[in-house]
Amino acid sequence: MVISLDQLTKCYGEQTAVDALSLEIPAGQIVGFLGPNGAGKSTTLKMLTGMLEPTRGQASICGFDLRQQPIEVKRHVGFVPESGAVFESLTGLEYLEMVAALYGIPPNAARARIKQFIAFFDLSFETLTDKLLGAYSKGMRRKVVITSALLHNPPVVFFDEPLDGLDANAAVGFKALIQTLAREGKTIVYSSHILDVVERVCHRVIIIDKGKLLLDGKPDELVAAHQSGTLEKLFTQLTGGAELERRAEDFAKTFRP
Amino acid sequence: MSSPAAPPILPEPPPAPEKTLRRLFLTLFLRGRGARGLNKQGAPKSIGRKLALTLVFYLLFGCMALYFVRQSVFALSVYLHAMTFVFLGMFVAASAGEILFNKEETDILLHRPITPKTMLWAKIRVLVEVSLWLAGAFNLVGLCVGFGAAGNWRFPLIHVVSTIMEALFCTGFVVLAYQLCLRWFGRERLDGLMTTVQVLVSVAMIAASQLLPRMIFRLDHVLNLTEASWWIGLLPPAWFAGLDDAVAGSLALNSWLLAAMGLAVTSVVLWLAFVKLARDYEVGLQTINETSSRRVKTRGGRRWLNKLVQLPPLSWWLRDPVTRASFLLTTAYLFRDRDVKLRVYPGIAPVLIIPFVFLLQDGRGSGHQPMGFGVPFSGLYLGMVPLLGLQLLQYSQQWQASDIFRLAPIHGPAPLCHGARRAVLCFLALPMFVLVAGVVWLLRGDLTQLLLFIPGLIALPVFALVPGVRGRGVPLSMPSDTAKSAGRGLSLIFVMFIALGLSALASVGWAQGWYWWLVLGEVVLAAIIYTAMRLVLAKARWPALN
């Protein structure tokens, strides 16, 4: 297994953000990692990328133990955080070259690789060299963040809301890219609230709520087993969102003059 | 879209990222963290030019060491180390929070193959490196003066060593303060606590930089400034000056004791900051972005403020709902926002210091003339507080949120400017007036002296309208990075000249018996100018978006 979690737990004081999560993910799988706000998705991803230390439990990535070999784990993962944070006072090229240097990619190889990504994302090299990241649009910035996550060719990639800010064409291209990467053996963990995309792209879906595992399986099988019709309806059933439509109707009535 | 070609292979053995991180943090430090809103032309492209200008400024300021040409090595060294301590302390205190605990940085760097310890070291290296450049520029003239004063080559050499020690001490001390706060109070309270500490340190350093040279130049008359004075051992700059004197000056035993104290304290501070408590930094960095499980205690403060604006006289003054909302927003940022607090309070600290300097000089120089120039000047000079405060309050890291002002159905920025102006008058200008008035009363013991504040109080509403007069004083509406390059000088110089002129007239008028006629004239003139400015502001429309 490429990713393995055993009773992984994260507590903040008395609050348990991730509660004894155990699961295994093989190579070449695209896993949709779902849950309502505050379910513990981002905390789990941050633990698996070595950003946060678990309170209890074990996890390994590509055979490297998260606690014992955090640097090796980090060398084998790429991460697109939800925040899409970048150093805004660097140009796009400076930023990507800095990231490449942190992974020890030689400058020439890094530059060549960056040019490939620029071509893929339809960015101009002049934009990358002349403009500070602070002046980029949200979509352009997201493209740079995705590039920085894939630059070192990691076998495992974690995406937290990767489509946020991407236009329709870029989003289609991105979905095709991760499907191709998975076919070539990379493991993709994809966290998103856009459930129809997850349903179409992912081989497997994991739903968590309040830090606990609720469901784990293939999207079509889960939908069929729960007779919910769509993944979105299944998700709302499981996470207490079933009443939302009625509540929205009631609330909308308050706008009547 | 074209498909990507074969990617590079992860290099073996693992890379050493120290150089990359050092370059990154140095670039970020010199350019500023957030360049949002800066276009290509406005971006700080030349790091070298910016740095060179700063170093030239420090070099010129270091020329004050020429005053010590004929003084002892110890006196010169105390001066050099005291001023270096102030500059470095101010620089490190102001930069450390942003450099050490940047929230966005965790999402960018912590999942890369680097340890928090490597990051800490790279940041400390940058802090020390830049500190040493600044210290080097400031001390360059002092080195030559010291060579002349000591009459040997040992002074320049040992002064370089003692300055490096001092830079390490300053950096280590500030980093240690952060780590201790993190350990004792937890990350939830770190931000607020360290903001307060940073503000206080910055204000203290600015105060010291204004008062210290005056103190040192007079010290020989008040205290016997030698390495043998018992109290000198309490001052960190004296430890490093002791090292200079021990090696290149008097070679006295007391100087060796001071040097030993400096060495010991610096070693302990560095060990605690970079070895013993390094783990606390790692934990703090990892959890800085996590949602706090504790409830932030702001409800009490909010309730207090909401009650205050509903009571007279504020309820009368803030009848307009937009003005009241702007007042509450500005007040909240003045009390809560780290970025705003770190810009506003250290920014106006020198304004508070200058009246004290004038009051002290006035009191000392003219003890037989109770009505000097100092009191009216202090009152008028405080007119800079709302002016500067409002100018600094225009900038925020959340400037993009100010789009909501333009979306709201209001014709122009006038009510927002009025709200911000009134908040600054209530919570910055008024407390400062009370403080300075208290000092005047304590120094002179005569309440009638406070009448000389009246010209300042009359001018205050006019000064406070200046930033908003062309609709430019909308609070929190500009990127914080542009604050560094904003031209504020002209309006401040204008206020300074008015303060000087009116103070001179007031002191002469008081002495010659026509003071109240002057006050009457000022009231009439201020009323006309104030009305005209309010009319201009009321007609102002939203400035163009850049």
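The following dialogue explains how several terms are applied to this predicted model.

Biologist: What makes a local feature of this predicted model eligible for discussion, and how are residues and chains labelled?

Modeller: Local features need pLDDT of at least 70 and side-chain atom pairs count only at pLDDT 80 or more, while totals for chains, interfaces and linings use all residues. Residues are numbered from 1 along each chain as its sequence is written, chains are lettered from A and ligands numbered from 1 in the order in which they are written, and side-chain values use heavy atoms, with hydrogens and water left out.

Biologist: Why is the pair Lys138(A) and Asp164(A) called a salt bridge?

Modeller: A salt bridge is a side-chain nitrogen of Lys or Arg within 4 Å of a carboxyl oxygen of Asp or Glu. In this pair the N to O distance is 3.3 Å, so the pair meets the definition. Lys138(A) lies in helix α6 (residues 138-150) of chain A, and Asp164(A) lies in the loop between β7 (156-160) and α7 (168-183), 26 residues apart. Helices (H or I, at least four residues) and strands (E, at least two) are DSSP runs, numbered from the N terminus.

Biologist: Why is Lys138(A) called exposed, and Asp164(A) partly exposed?

Modeller: Buried means under 20% relative accessible area, exposed over 50%, and partly exposed in between, with a 1.4 Å probe and protein chains only. Lys138(A) has 53%, and therefore counts as exposed. Asp164(A) has 34%, and therefore counts as partly exposed.

Biologist: How do you know that Arg22(B) and Glu129(B) form a salt bridge, and what does the pair tie together?

Modeller: Their closest N and O atoms are 2.4 Å apart, so the limit of 4 Å is satisfied. Arg22(B) belongs to helix α1 (residues 18-31) and Glu129(B) to helix α5 (residues 116-150) of chain B, so the pair ties together parts that are 107 residues apart in sequence. Arg22(B), at 24%, is partly exposed, whereas Glu129(B), at 16%, is buried. In chain A, salt bridges that share partners join Lys138(A), Arg142(A) and Asp164(A) into one network. Over all chains the structure holds 13 salt bridges.

Biologist: Why are Lys253(A) and Asp250(A) said to be separated by about one helical turn?

Modeller: The two residues are three places apart in helix α11 (residues 244-253) of chain A, and therefore about one turn separates them. An α-helix has 3.6 residues a turn, so residues three or four places apart point the same way. Their side chains meet in a salt bridge with an N to O distance of 3.9 Å. Lys253(A) is partly exposed at 43%, and Asp250(A) is partly exposed at 35%.

Biologist: How do you know how many disulfides there are?

Modeller: A disulfide is a pair of cysteine sulfur atoms within 2.5 Å. By this rule the count is zero over all chains. For Cys63(B), the nearest cysteine sulfur is that of Cys144(B), 9.8 Å away, and Cys63(B) is in no disulfide. Cys63(B) is partly exposed, with a relative accessible area of 29%, whereas Cys202(A) is buried at 7%.

Biologist: Why is helix α16 of chain B described as largely enclosed?

Modeller: Ten of the ten residues of this helix (residues 384-393) are buried, so the rest of the structure largely encloses it. Among them are Met384(B), Pro386(B) and Gln391(B).

Biologist: What makes the peptide bond between Pro312(B) and Pro313(B) noteworthy?

Modeller: It is a cis peptide bond, with omega about 5 degrees. Most residues other than glycine have a negative phi, and most peptide bonds are trans. Pro313(B) is found in the loop between α11 (299-310) and α12 (314-317) of chain B.

Biologist: Which residues other than glycine have a positive phi?

Modeller: Cys62(A) has a phi of about 50 degrees, in the loop between β4 (56-61) and β5 (64-65) of chain A. Cys62(A) is partly exposed, with 27% relative accessibility. Lys210(A) has a phi near 50 degrees, in the loop between β9 (204-209) and β10 (212-217) of chain A. At 66%, Lys210(A) lies over the limit of 50% and is therefore exposed.
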